[in-house]
Structure formats: structure tokens, C-alpha cells
Amino acid sequence: MPAKPQYEIIVYGATSFVGQILSRYLQENYGKDGDLKWAIAGRSASKLEAVKRDIAAPDLPMIVADASDRAALDGMVKQTKVIISTVGPYALYGDDVVAACVANGNDYCDLTGESQWMRKMIDAHQAEAEKTGARIVHNCGFDSIPSDMGLMYTQQQAKKTLGETCSKVSLRVKAMKGAASGGTVASLLNVVKEASKDAGLRKELQNPYSVAPEGMRSGPRQPDTNMTGYDKVANSWIAPFVMAAINTRVIQRSHALLGRPWGENFMYDEATLMGDGVKGRAAALGMTAGLGGFVAAAAVTPARTMLEKYVLPKPGEGPSPEAQEKGFFDLRLYGTTDSGKTIVTKVTGDKDPGYGSTAKMLGESGLCLARDVTRRSVKGGFWTPSTALGEKLLKRLEANAGLTFTTLS
């Protein structure tokens, strides 16, 4: 990386749905009256100009670089400390951006939830990133900051109040309001499409340790929350949580990167609380059936085509600004130590989880990389939010991003 890059941050994919929200967030909170040196980038000059007009930043620098043009990407990353990428599906458009950052020793963060792509990038570039000093931090949005940072907070509080960390933690979605965008849907459908054609990938996607460092991709059997069940700890029926597939893997990577301090038999799972009694059971069964039906349909080409054409939002589409403002999430983490002591913590966000809140989490992650985390303290390589950004990001999230982390009992 150049000794004095021109920018602290370049938002690559600024014309995407979440890229536009992120750009507005950075401009209003750090660019308009602040000292942030940043730029936006993407493949279309006209669309980048439209973003500048929309966020009232006429003098904001912009860089045109197509995701398939490696020379342009190299030229872009050399100008900044950190690349924040919102260009997805990452499995289709993200390879060369990461490769350029790694080769040039630049820091990078994104909001991917595509575990199969993460593993591909880790396996391809980990050794080189260690040499060049590039710090790559995936999962800096709703998947998986609330889970990853929430678990970090829970373990810190358990050590402080109980005298020991938890060997089992269950995250439960108590309440959430938000809508999916076309970009998120496109990423999910691409994963299903790839898996439907590749038996090896289907097996990989079933491994909760799939994105852990090489040599640490196995461990004890983890709890299965893909079906309806009754959670005695939370006193509620539970149904699957759609983000659990990526969040659980990020958690196991964090645990492995830290040297597995919570024990070789550490257990972690996620699910959605549906309520007690007959109504709770019926709601859980309904959600489980609905999610199962969607995945089954998405795996069949004709059904997937019909969903994409007539039912699901298109890339570039997403919740309105009003819907983003009205969104929120409320998560609970139930931890148990080896000696049987328990702790319950709470993580909340004040906007639509996937977009209004995600843009703030992603922006603060990029700023944390650019300003707070020294290269002496965090070396080159592929990290998770909690292992790379840790306590510094936690403070940023609470101070600026509308997240709260509290201990309930």
C-alpha cells in the first residue's frame, strides 16, 4: 500500500442499493462537515454522477472501474487505505476486487453472506495477504456483525460477571422488521443455484466450520435449528433464522482465529423466537415450511426463473427510506458456562436490519479499519469483525450506528 494514499476510504459499488445508502451515511456524518477523505467508485460514470447529486456531494471524487477490469481495480485500490465493497453477488463480481487489495496490501471490508465465496477467497489469498499486510474483513453488515460482536460482548460480560466464559451460546431473534433488497435475493439465489449443481459445495455448505482456518475445519456436531422445536431456555417455540447459515460459520471462524478460547466443544446456534403455546407452535411450523418451500423452489431452474421474474425484487430494488426508518432488530443471546452459570444479553439496532442498519455498520467498520486499528495490532490476513476490529468497533457501533449491547441477567 502507498505510504500516503489519497483517500481513507473508497466505496466500490456506490451505485448499488446499499452502496447509495452507505454513501449518504458517510457524506452526512463524515464528509459534509467532517474531515473524511473518500471517493465513490463503480462501473458507470453516469450512475456515479447521479449518486453525487442524490447525496448533495458535487465535489466528491469518483472512479470508474469495472469488476472485471483488473488493471482498473489495481489503480483504484492504490489510491486508498480501505476499500468498502458492496458489489454483489460477490461470487460473481467480487474475486478481482479482493485479489487487487491483497496484491497491493490494501485493507478491505464488505457485507457478503456468501460462505462458499469467502472460503474460496481465504484459500486463494490468505498466504499472500499475510505477506502484503492486507487486512480483509468480510461480513460487516447485518450478517454477521450483530452475531459476531454480540457473542464477543457476551463472552466479555460472562468472564467479568460469572468468572468464566460460555461453552454454549444460543442467539434468538426476538423481534425484527425489515425487507429484502434485490441484491440480497440475487446473492441467495446464486448460492442455491451453485449448490444445486455441485454435490461437493452442498457438503461444504453443511459444514459449520467451512470458513475456519485451514486445519481447523472440523469440530463437535453443532445444534440443528433447521426445524421447528421448543426452546426451554427462552420458553418459546423456535423456527429457522435465514441468516444462521452464514452467522454460525463466522462465529466458528472467530473462535478458531482466537485459538478456541471457549473450549474445543464450544456450541453456537441461531433461531427465531415464535412465541409460546399453540399459536407459537403454529407460527413456527408455518415459518419452517415457508423457508423450506422457498429453498426447494429456488433449487429448481424453472421455479427459480419464475421467482426472479414475477415474485422477488430485482437488483437495485429495496425498501423505501420510510421502511428503512421504521425497521429494527432485537436479538437475545443465551449463554451457559461449563459449570452451569447463565447469562442473557441483548443486541438491538434502530433501522431496517439489512439496509438502514447495515449501511451504518459497514461504514463504521471501514472507518475503524482506516483510523482505529493499527497494522501492528492486526496483521495481514482474513479476519472477522470481532477478531480484527473488536472493542474499537463495538464503541463505534454504540456511539454512531444505532446499535446497543446490554446484559439482561
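## Cysteines and the parallel sheet

Ile84 has Cys109 as its bridge partner in S5. This pair belongs to a predicted model, and it is a convenient place to start reading the sheet.

Strand S4 covers residues 80–85 and strand S5 covers residues 107–110; the two run parallel and are joined by 4 bridges. Both strands are part of an open sheet of 7 strands with parallel pairing, in the order S3-S2-S1-S4-S5-S6-S13. At the edges of the sheet are strand S3 (62–64) and strand S13 (381–383), each of which pairs on one side only. On average, neighbouring strands in this sheet are turned by 20° against each other, with direction ignored.

A helix packs on these strands. Helix H5, made of residues 95–104, lies across S4 and S5, and also across strand S1 (7–12), strand S6 (135–137) and S13. The direction of H5 is at about 155° to S5.

Cys109, the partner of Ile84, also raises the matter of disulfides. How many disulfides does a search of the whole structure find? The search finds 0. A disulfide would need two cysteine sulfur atoms within 2.5 Å. The sulfur of Cys109 has its closest cysteine sulfur in Cys140, and because the two are 4.8 Å apart, they are too far for a bond. For Cys140 the closest cysteine sulfur is likewise that of Cys109.

The two cysteines are listed below.

| Residue | Closest cysteine sulfur | Burial and relative accessible area |
|---|---|---|
| Cys109 | Cys140, 4.8 Å | buried, 1% |
| Cys140 | Cys109, 4.8 Å | buried, 0% |

Note on methods
Residues numbered from 1 in each chain as written. Predicted model: local features only at pLDDT ≥ 70, side-chain atom pairs only at ≥ 80, totals over all residues. Heavy atoms only, no water. Buried < 20%, exposed > 50% of the residue type's maximum accessible area, 1.4 Å probe, protein only. Pairing = 2+ DSSP bridges. Axes fitted to C-alpha atoms, helices over the stretch in contact; angles between N-to-C directions. Contact = heavy atoms within 4.5 Å.
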